[in-house]
Amino acid sequence: DARFKIVYQLHHCFDDSAVSFCYFANGRLVVPNIECETTLQVIDMTGRILSSQSVKDSYNQPLNLNAGVYVVRMGEKSQKIVVR
């Protein structure tokens, strides 16, 4: 006799079919079409979090990043970006 049940729901804040969810151009990080409020993090290759912000709808902000490789994490999805 079960007194309670645990229900897991996975809520996506972006289109899973998209290969990438963000890009870096002209000194700005752009993330179009965010479907729910989530946390967006920019992480360097040493694992240091350079930026962590709550975002909703879209994100188009200047980021002062040196040339290099970074990871952008949004919810459970992450993507590598290269800044030249």
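1. Let me start with the sheet: S2 and S4 run antiparallel to each other, paired over five bridges. Within that region, Ile 43 sits across from Val 71 of S4. Keep in mind that this is a predicted model, so everything below is about the prediction.

2. S4 has a second pairing, with S5, again in the antiparallel sense and over seven bridges. Two of the bridge partners are easy to look up: Met 74 goes with Lys 77 in S5, and Arg 73 goes with Ser 78, also in S5. The two strands make a hairpin with two residues between them. Have a look at Gly 75 in that turn, whose phi is positive at about 65 degrees.

3. Stepping back to the overall fold: the protein chain has five strands and zero helices. Read from the N terminus, the order is simply β-β-β-β-β. The chain has 84 residues, and 33% of them count as buried. Its accessible surface is about 6300 Å², with 46% of that belonging to carbon and sulfur atoms. As for contacts between residues at least 6 apart in sequence, 49% of them link residues at least 24 apart.

4. S5 is a nice strand to scroll along, since its side chains alternate. Lys 77, Gln 79, Ile 81 and Val 83 face one way and are buried. Ser 78, Lys 80 and Val 82 face the other way and are not buried. Do notice that the buried face includes Lys 77 and Gln 79; I'd look at those two by eye.

5. Now the inside. The largest nonpolar core is made of 17 residues, and Leu 29, Val 31, Leu 40 and Tyr 59 have the most contacts within it. Two or more residues come from each of S2, S3, S4 (68–74) and S5 (77–83). S2 is the top contributor, giving five residues.

6. Leu 29 deserves its own point. Setting aside neighbours within four places in sequence, Leu 29 contacts a long list of residues, among them Cys 22, Tyr 23, Phe 24, Leu 40 and Val 42. The same list also includes Tyr 59, Asn 60, Gln 61 and Leu 63, along with Val 72 and Ile 81. Ile 81 is one of the buried residues of S5 from point 4.

7. What about the N-terminal strand? Tyr 23 is in S1, which covers residues 23–25. Tyr 23 counts as partly exposed because its relative accessibility is 45%, in between the limits of 20% for buried and 50% for exposed. Leaving out residues up to four places away in sequence, Tyr 23 touches Arg 28, Leu 29 and Val 30. Tyr 23 and Val 72 are 49 residues apart in sequence, yet their C-alpha atoms are 9.4 Å apart.

8. Asn 33 belongs to S2. Its relative accessible area is 61%, so Asn 33 is exposed. Measuring along the chain, Asn 33 and Phe 21 are twelve residues apart, and their C-alpha atoms are separated by 8.6 Å.

9. How many salt bridges does the structure hold? There is one, formed by the side chains of Asp 44 and Arg 48 at 3.0 Å, N to O. In general, oppositely charged side chains can pair when their charged atoms come close. The two partners sit in contrasting surroundings: Asp 44 counts as buried because its relative accessibility is 12%, while Arg 48, at 52% relative accessible area, is exposed.

10. Last, the surface. Met 45, Val 69 and Val 82 make a nonpolar patch of about 250 Å². Met 45 is in the loop that runs between S2 (28–44) and S3 (49–62). With a relative accessibility of 54%, Met 45 counts as exposed because the cut-off for that is over 50%. Val 82, for its part, is on the S5 face whose residues are not buried, so anyone following point 4 along the strand will meet this patch residue there.

Key. Residues numbered from 1 in each chain as written. Predicted model: local features only at pLDDT ≥ 70, side-chain atom pairs only at ≥ 80, totals over all residues. Heavy atoms only, no water. Patch = residues over 30% accessible without salt bridge, like charges linked within 9 Å, V, L, I, M, F, W, Y side chains within 5 Å. Areas by Shrake-Rupley, 256 points an atom, 1.4 Å probe, with all protein chains shown as cover. Salt bridge = Lys/Arg side-chain N within 4 Å of Asp/Glu carboxyl O. Helix = DSSP H or I, 4+ residues; strand = E, 2+ residues; numbered from the N terminus. Buried < 20%, exposed > 50% of the residue type's maximum accessible area, 1.4 Å probe, protein only. Contact = heavy atoms within 4.5 Å. Core = buried A, V, L, I, M, F, W, Y, C linked by side-chain atoms within 4.5 Å. Pairing = 2+ DSSP bridges.
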